[in-house]
Amino acid sequence: MASTLDAPISTNSPTATGALPAPAPAKGGRFARLPLLAGRSFIPLGLFARLPLAMLTVGALTLVTSVTGSYAVGGAAAGAVGIGSALGAPVLGVLADRLGQRRVLLVSAVANTVAIVALILAAYLIPGAQDLAAAVPVLITAFVAGASCPQVGPLARVRWMALTSRTSGRGSAANSADLDTALSYESTADELTFVLGPALVGILASLLAPWLPLALAAALTAVLVPAFAVHPTHHAVVRTARRPSSGQAAEPAAASASGFAPAAAGDRNADARTAAQRARTFAAVALPVLAMVCMGTFFGSTQASLSSFSASFATSELAGLLYAAMGLSSAAAALSVAYWPRRLTVNVRWIACAGLMAGLASLLLLPTTALPMVLVLLVLGLPVGPLMVTVFAIGGLVAPAGKLGTVMTALASGIVAGTALGSSIAGQLAQNFGYSTSFLVPVCAATALFLLGTAAAVVLRQRGRKAAPAA
């Protein structure tokens with residue numbers, strides 16, 4: 001019997017409080033429904049408004065390295081952007097859940113634009129910035145730029161989950177198909193921007209000026225993020241008022257602590273059930289977040305290993321083109337999830353894609369020249385995109401009421417943190433033992449994804465059984 005968790009979003013979610021008329025059936029396939037759900041302007045806005053995030057890390061690395069002449073300071077600036085983004089994304093998600101997306105996106109757009117401009121000025125005006133000690137102001141501005149970067153991708157996913165759960169006149173299977181289609185598009189958009197962003201930085205910096213990519217990122221943030229923030233789709237995400245249950249449950253405990261009245265046995269049992277429910281919810285949310293950390297580790301270690309691999313017969317700059325092969329096949333495969341059979345539940349998809357990914361990752365150990373490596377990367381990307389779609393979908397399923405933005409941004413920050421971790425580990429291994437050893441890191445990361453998928457299947461199945469009587 002299908003679990004209630006196979007539905008796109010639970011009925012007690014804050015995004016499911018109302019029903020919108022179902023859009024008319026669209027000609028041209030499932031992706032033609034997306035403009036009907038969100039409006040034609042939402043898709044290009046969501047695509048290009050997330051481009052500055054993809055440009056920021058590489059842009060900071062390029063600018064600071066070019067101005068200071070120090071790879072160490074440039075790498076530290078890029079690392080500061082990554083750390084800031086990993087820490088700031090969940091904070092912005094929490095604020096979006098509590099205050100609403102529009103307000104948070106508008107403030108973060110202004111703050112990020114100012115921070116990027118400050119980073120450009122600091123890189124050029126701070127004297128002696130080729131030394132790490134003197135470059136502290138540059139690193140601080142890089143950190144603030146990363147922490148304040150608007151989380152357009154995760155919050156766009158929140159809006160799609162709200163839109164697909166609020167359409168009336170359609171069954172849960174149809175709404176689930178709409179959600180899969182939307183999340184497939186979102187993963188493809190992420191892949192495309194993270195391929196296009198670094199390429200755009202390289203072209204502008206090499207042909208015109210090293211500061212121009214960051215200036216363009218600031219301009220895109222200042223113009224497109226506010227337009228995304230005020231887009232009518234933000235009304236679909238309904239903020240949930242604080243539930244009084246916690247305060248009501250706290251009153252007997254407070255009275256007991258004061259000595260006025262002992263807590264009743266029923267209250268103690270209710271508290272125990274609440275604690276157990278919180279533990280299960282934490283485990284259900286932690287698993288997809290850990291999966292995204294492993295996914296980021298896979299990405300970062302693959303990038304670092306490819307740099308060492310390409311340097312063995314050409315130049316390390318070739319690694320970007322090699323890595324783009326996996327990005328393109330991953331993006332194409334992510335789109336295909338919209339057409340996968342409904343009987344393939346999220347649990348099955350996670351385990352199957354992660355298992356295939358772990359097996360294919362071992363092929364990275366075989367090539368010694370560019371062409372065979374391109375073929376391996378093209379094949380390896382096929383399970384990557386669908387797995388990302390699946391993990392984001394599971395994050396939406398297990399997110400507590402009113403915390404969908406928090407969970408989505410936590411998943412995104414997990415990728416950022418994992419990328420830094422994977423790059424560091426694989427880089428050290430490549431430096432000391434060669435690229436063949438460093439390619440073991442993406443193999444281990446993919447294996448960890450498979451193990452997390454099996455654990456998630458158990459946790460989600462238990463949650464499904466407990467939710468079924470209440471459904």
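Let me start with Phe-298, which is buried, with a relative accessible area of 0%. Keep in mind that this is a predicted model. The residue that follows in my notes, Phe-299, has a relative accessibility of 9%. Buried means under 20% relative accessible area, so Phe-299 counts as buried too. These residues also form an aromatic pair: the rings of Phe-298 and Phe-299 are 6.0 Å apart, centre to centre, with 65° between the planes. That makes the Phe-298 and Phe-299 pair edge-to-face.

Now to aromatic pairs in general. How many aromatic pairs does the structure hold? There are 8. One of interest to us joins Phe-42 and Trp-160. Their ring centres are 5.2 Å apart and the planes meet at 75°, so this pair is edge-to-face. Where do the two residues lie? Phe-42 is in helix H2, which covers residues 42–49, and Trp-160 is in helix H7, residues 152–165. The pair therefore ties together parts that are 118 residues apart in sequence. Are Phe-42 and Trp-160 buried or exposed? Both are buried.

Next, a cluster. Phe-309, Phe-313, Tyr-435 and Phe-439 are linked into it by ring pairs.

Last, charges over rings. Which residue lies over the face of Phe-392? That is Arg-157, at 3.7 Å from the ring centre. Arg-159 lies over another ring, with Phe-228 beneath and a distance of 4.2 Å to the ring centre.

To recap: Phe-298 is buried, Phe-42 pairs edge-to-face with Trp-160, and Arg-157 lies over the face of Phe-392.

Conventions
Residues are numbered from 1 along each chain as its sequence is written. This is a predicted model: local features need pLDDT of at least 70, side-chain atom pairs count only at pLDDT 80 or more; totals for chains, interfaces and linings use all residues. Side-chain values use heavy atoms; hydrogens and water are left out. Rings of Phe, Tyr and Trp (its six-membered ring) pair if their centres lie within 6.5 Å; planes under 30 degrees apart count as stacked, over 60 as edge-to-face and the rest as tilted. Helices (H or I, at least four residues) and strands (E, at least two) are DSSP runs, numbered from the N terminus. Buried means under 20% relative accessible area, exposed over 50%, partly exposed in between (1.4 Å probe, protein chains only). A charge sits over a ring if NZ of Lys or CZ of Arg is within 6 Å of the ring centre and within 35 degrees of the ring normal.
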